[in-house]
Amino acid sequence: MAAHVDPGYKGPLEYATEEGRMNILGFWIFLGAEFVLFSCLFAMYIVLQGSTAGGPTSQELFEFKSMLIQTLLLLTSSFTCGLAIHEMRRENKKGLIIWLIITLLLGLGFLYMEIEEFLLYIYHEGATWGTSAFLSSFFVLVGTHGAHVTLGSLWMISIIIQLVQRGLTPRTTRKAFIIGLYWHFLDVMWIFIFTIVYLTGMVV
Amino acid sequence: MRLDEFFVTGDPMIYAADVSIVLTIIAIVAVLTYFKKWKWLWTEWLTTVDHKKIGIMYILAALLMMFRGGVDGLLMRIQLAAPDMKFLESEHYNQIFTTHGTLMIIFMAMPFIFGMINIAMPLQIGARDVAYPWLNALSFWLFFAGAMLFNISFVIGGSPDAGWTSYTPLASIEHSPGVGQNYYLWGLQLSGIGSLASGINFMVTILRMRAPGMTLMKMPMFTWSVFITSIIIVYAFPILTVALALLTFDRMFGTHFFTVDGGGMPMMWLNLFWMWGHPEVYIVVLPAFGIFSEVVSTFSRRRLFGHHAMVMSMAAIAVLSFIVWVHHFFTMGAGPAVNSFFSISTMLIAVPTGVKIFNWLATMYKGRIRFTVPMLWTLAFIPNFVIGGVTGVMLAAAPADYQYHNSYFLVGHFHYVLIAGVVFGMIAGLYYWWPKFFGFKLNERQGKHGFWWFMIGFNLTFFPQYILGLMGMPRRIYMYTNADWSLLNMTSTIGAVMQGIGFLIICYNIYWSVRYAPRTNEADPWDGGRTLEWAIPSPVPYYNFSRVPEIKELDPVWYAKKRGEKLIDGPLEKIHMPSNSGVPFILGQIFFVFGFGFVFGWFWMVIPAFIAILLCMAWRSFDYDDGYYVNVEEIKEIEGV
Amino acid sequence: MASHNNEQYVEEHDHHGFPWGHVIGFILSLVLTGAALWFVFNSGLSTSVAIGISIVLAILQVFVQLYMFMHIRESKSAPFQSGAIYFGIFIALTVVLGSIFVMWYVLVSHMY
């Protein structure tokens, strides 16, 4: 019953079934919870950002170029993800998959740069998460975001496979739409990380 | 790790517990094998996605946890019955009060409310299950994994002993070097994930699965309470997730969030913990308020007074609950500006609660009251909860709180609100909805005995504690020497024994009724049911509603009955149902292994378990099973048409 | 199951043309990001003012994402979707600002 398309329905496929509508609504609510989850990490970071315990500070560590490239990669991936869903609405399965793959590659590029940044801090600057409270909160906040992107990448691979296998159905389009929401949300989080962690950290 | 570190040694009571655990496991396996019930267990319970069965499992777990938590409470009361008692060492006492608090709130109250919500809410809105039945099952098995993890601690590795609040720096690795705290962190983390998922599940269910015609303002009050509770859960539990994770990182990976050195701020633990912890107490009490609304209305034979006000007051409570948390640590030095703000916000939250009390009283006024067991629990709730509530307003005055904080006055306050609020509500709900799910009522006479023993015992236990607090007795002390405190403490202990007797009578009540109570199988056993669950057969068929009714008003069953109308009417159609699945159960067990490994720092166990979890999630993603249909013939047979 | 009698679930967007909404959104995001960088590094304003402006720009970018990319207004449940996000933002602000408020003395006195 929940998987039935109502007769005469004329909108996007992912909203065609009650199951689809419920899953999308549920995911928006989940995103509300994720806002709160990240806010705790931000609160921790803001409170602890000055507690460098004699170790490396944000001004010493953060590099403009790396931060800018990561930001552009993720921002562009959010754009390409939007294009993917646009193609999905045009019922263009090939376009959807291509744009999703591009999104995934941009996301993996972002992850590669972030891991490179972390390794640089840990192995070349002696800045680990055990060095100071500031570094603990930096690594856990930015790292949690990175872990979310990693999980999202794995999830996106699984969705791409299902799209190839099953084409555009109410179920597969719903799954693609939801992972799109997740991906955009991660870019939203990055906007705050960019502002509160990197921008602030480079001048304060 | 040495074997005598892995197993808790040196205490005869622990050895006795080890023996009884092993014997119980053997007994369960023996009974299942002898009666050839393994397949039944798997197909009917372990793989179910049916909200009714999941609810029953939650409630059973809650009752078992209430037993263990209650025993902990009794042990404490024995130790404190007289000055200079040597029944429990301080170490042991600390573990017991930690276990008592954690079990009662996280592993008794939470599953109890989830159980009640699961069994009753979908029926009240005319739904055939919740929005995400598979996720619902997963939530239960995650709770189960967390509970098992926490419960095993006292025999394997050692119990946590830093209080249910686990304050840093005491709970940090320097001051709590054993694995006990890790059990606390992972037990709560796993069941917390389950809770968050349930919150989302219930919200979507209520928003999208109501029967046609049932607008939000035509929903029963219990369902409203579930909706508001779910909102609080969704926004509060992520805070707990982060707090627990950060402390885990501190303990296991050397980070400095809450440490004394390295720039850490132990006060941030309290800040985060209570930002979750205060909404948490409203999470457990609001469904109880919802149950009270149903019971008061049914057994006064009157519509609930002030429907809108009841909804608005719960919404106000929900919003306010997020801005009062500092009242748990007024004395920590946040300063007068902070303390003033939170003092005022805390006092404010008493207002909507008071509105609800007056509305319940107004419902009863000029009603034809029937003193059934659920009604007795509800009637007892009102004065007892008010006592707890007004002492809460006293505590809210920050300067005064400098005297009350962490004294027995506080202990008296929170037990009055939690027991008279949550426990009374859950027991009322248990008695009220029992006949709907099992086809027979619990014996009224025994129920009344249980009620009186428990209620009087409860007052005897906790009222003296207010006075003890004012006399200067601090909480969480394992022993006292002040002879002036002995009489009140002894009274409190006697009360605790009476509560224990009351609980045992209730358990016996359940056992006796299962064996001997007449199976009347009425749709409306209380002869006054007002909401949709009373329109369908008892026990409820697995698909709930043979036809989904069209709703026109509040209390639809009551008014339909008065007009002689049939609510459940119309042609029968095949019904779509979700398939059972073993994956939630298996995932739960894998999470247990993951948590257990993490507790001991055994990453050779953690990493494979983590990979297995990812694989299960992938399995689920590729699972396109679409359920099955119940055909009309079968529905006719079940309904006796 | 609840029947919805062929109601419209989704606002009619024209999805058959060029994705203007997404392109404009992308450009806006780039502009907002670039503006934040300019304010912080090139504008000569005091650090706190520049950071404050950046936060406002970040919030604007969030709205771009929510409304132009994520289709938050779609579906019959749109009010609840928006409600879920706005309440989440409210609690998020309470957590962040509340923590700063509560910990102020500790931060200022460098107690730890």
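Below is a chat between a biologist and a modeller about a predicted model with chains A, B and C.

Biologist: Before we get into details, what are the ipTM and pTM of the model?

Modeller: Both scores are given as 0.96: ipTM 0.96 and pTM 0.96. Keep in mind that this is a predicted model.

Biologist: OK, chain A to start. How many helices and strands does chain A have?

Modeller: Chain A has six helices and zero strands. Going along the sequence, the pattern is α-α-α-α-α-α.

Biologist: And what box do the C-alpha atoms of chain A fill?

Modeller: Roughly 65 × 30 × 25 Å, taken along the principal axes.

Biologist: What share of chain A is buried?

Modeller: Buried residues make up 59% of its 204 residues. As for contacts in chain A with a separation of 6 or more, 77% of them link residues 24 or more positions apart.

Biologist: Where does UniProt put the transmembrane regions of chain A?

Modeller: The unreviewed UniProt entry has them at residues 25-47, 67-85, 97-113, 133-164 and 176-199 of chain A. I can give you two of those spans in the model. Residues 67-85 of chain A are 100% helix and 0% strand, with the end C-alpha atoms 27 Å apart. Residues 176-199 of chain A are also 100% helix and 0% strand, and there the end C-alpha atoms lie 33 Å apart.

Biologist: Let's go to the contact with chain C. How many residues does each chain put in?

Modeller: Chain A puts in 45 residues and chain C puts in 44 residues. On the chain A side, helix 1 (18-48), helix 3 (64-89) and helix 6 (170-203) each supply at least two residues.

Biologist: Which helix of chain A gives the most to that side?

Modeller: Helix 1 of chain A, with 17 residues.

Biologist: What's the mix by class on the side of chain A that touches chain C?

Modeller: You get 27 nonpolar, twelve polar and six charged residues there.

Biologist: Now chain C itself. What pLDDT does chain C average?

Modeller: The average for chain C is 83, and 83% of its residues score at least 70.

Biologist: Where in chain C is confidence lowest and where highest?

Modeller: Confidence is lowest in helix 2 (residues 47-69) of chain C, at a mean of 90, and highest in helix 1 (residues 20-41) of chain C, at 93. Outside those helices, look at residues 1-8 of chain C, where pLDDT stays under 50.

Biologist: How many contacts beyond four places in sequence does the model have for residues 1-8 of chain C?

Modeller: It has 13 for that stretch. Where pLDDT is low, the predicted coordinates should not be read in detail.

Biologist: Noted. How is chain C divided into domains?

Modeller: Domain 1 of chain C is 16-70 and domain 2 is 75-112. The centres of domain 1 and domain 2 of chain C, taken over C-alpha atoms, are 21 Å from each other.

Biologist: Which residues of chain C does UniProt annotate as transmembrane region?

Modeller: The unreviewed entry covers residues 20-41, 48-72 and 84-107 of chain C. In the model, residues 20-41 of chain C are 100% helix and 0% strand, and their end C-alpha atoms are 31 Å apart. Residues 84-107 of chain C are 100% helix and 0% strand as well, with end C-alpha atoms 32 Å apart.

Biologist: Switching to chain B. What does UniProt say about residues 36-552 of chain B?

Modeller: Its unreviewed entry annotates them as "domain: Cytochrome oxidase subunit I profile". That span of chain B is 68% helix and 0% strand, and its end C-alpha atoms lie 48 Å apart.

Biologist: I want to check the backbone too. Where is the cis peptide bond with omega of about 0°?

Modeller: That one joins B:Thr168 and B:Pro169. B:Pro169 sits in the loop between helix 6 (133-152) and helix 7 (180-208) of chain B. There's also a cis peptide bond between B:Ser538 and B:Pro539, with omega about -5°. B:Pro539 is in the loop between helix 16 (486-516) and helix 17 (556-563) of chain B.

Biologist: What about B:Asp84, what is its phi?

Modeller: Phi of B:Asp84 is near 55°, a positive value in a residue other than glycine. B:Asp84 is in the loop between helix 4 (51-79) and helix 5 (90-124) of chain B.

Biologist: Why does B:Asp84 count as exposed?

Modeller: Because B:Asp84 has 9 C-beta neighbours inside 10 Å, and the cut-off for exposed is 12 or fewer.

Biologist: And where is B:Asn406?

Modeller: B:Asn406 is in the loop between helix 13 (398-404) and helix 14 (408-438) of chain B. Its phi is near 55°, again positive in a residue other than glycine. B:Asn406 counts as partly exposed because it has 14 C-beta neighbours inside 10 Å.

Notes: Residues numbered from 1 in each chain as written. Chains lettered and ligands numbered in written order. Predicted model: local features only at pLDDT ≥ 70, side-chain atom pairs only at ≥ 80, totals over all residues. Contact = placed C-beta atoms within 7 Å. Helix = DSSP H or I, 4+ residues; strand = E, 2+ residues; numbered from the N terminus. Nonpolar A, V, L, I, M, F, W, Y, C, P; charged D, E, K, R; others polar. Buried ≥ 20, exposed ≤ 12 C-beta atoms within 10 Å, placed from the backbone. pLDDT = per-residue confidence, 0-100. Domains from an automatic or database assignment. UniProt positions renumbered as here; feature names shortened; annotations may be inferred.
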